[in-house]
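Visitor: I would like to know how the labels on a model like this are justified. Could we go through a few of them?

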Amino acid sequence: MSSHDAHYGGNLVDGARMLGLFGDVATELCIRADGDEGLFRAYDSVEFLAPVYAGDFIEAEGEIISAGNTSRKMRFEARKVIRPRTDVNDSAADLLPEPVVVCRASGTCVVPKDKQRGQR
């Protein structure tokens, strides 16, 4: 996360930034499955589990857990894998021994039937 992502005091990053990452993951999943970006319909669950700060490195991943005629139910997870060490110097960072789950979510995307190209 860059300093531009910091939204609150103490360089805290807005949780909506994680949802933006999940939107990017959803787009990739739809392209892989259907050859089209699809449209994000709704989140049905979002859990913010740990704070994210400017300088943190976040990995986001997702998977399609079920598929209907046009809907794609997905789940997502974002993990902090590197944190800055500004107490050491302004460019120091540590790889975390274990990733920290910062956000989980699930939601549904829709790929209109006329745009599907059956890449599944």
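Guide: Cysteine 30 is a good place to start: its sulfur lies 4.3 Å from the closest cysteine sulfur, that of cysteine 109, which is too far for a bond. Keep in mind that this is a predicted model.

Visitor: How do you know that 4.3 Å is too far for a bond?

Guide: A disulfide is counted when two cysteine sulfur atoms are within 2.5 Å. The sulfurs of cysteine 30 and cysteine 109 are 4.3 Å apart, so the pair does not count. The structure holds 0 disulfides.

Visitor: Why is cysteine 30 called buried?

Guide: Buried means under 20% relative accessible area. Cysteine 30 has 0%, so the word applies.

Visitor: And what makes cysteine 109 buried?

Guide: Its relative accessible area is 2%, which is under 20%, so cysteine 109 is buried as well. In the chain of 120 residues, 30% count as buried.

Visitor: How do you know that strand 4 and strand 5 pair?

Guide: Two strands pair if at least two bridges are found between them. Strand 4 (residues 57–67) and strand 5 (residues 71–84) have 10 bridges, so they pair, and the sense is antiparallel. Glutamate 61 stands opposite glutamate 77 in strand 5, and a hairpin of 3 residues joins strand 4 to strand 5.

Visitor: What pattern does the chain follow along the sequence?

Guide: The pattern reads β-β-α-β-β-β-β, and the secondary structure comes to 1 helix and 6 strands.

Note on methods:
Residues numbered from 1 in each chain as written. Predicted model: local features only at pLDDT ≥ 70, side-chain atom pairs only at ≥ 80, totals over all residues. Heavy atoms only, no water. Helix = DSSP H or I, 4+ residues; strand = E, 2+ residues; numbered from the N terminus. Buried < 20%, exposed > 50% of the residue type's maximum accessible area, 1.4 Å probe, protein only.
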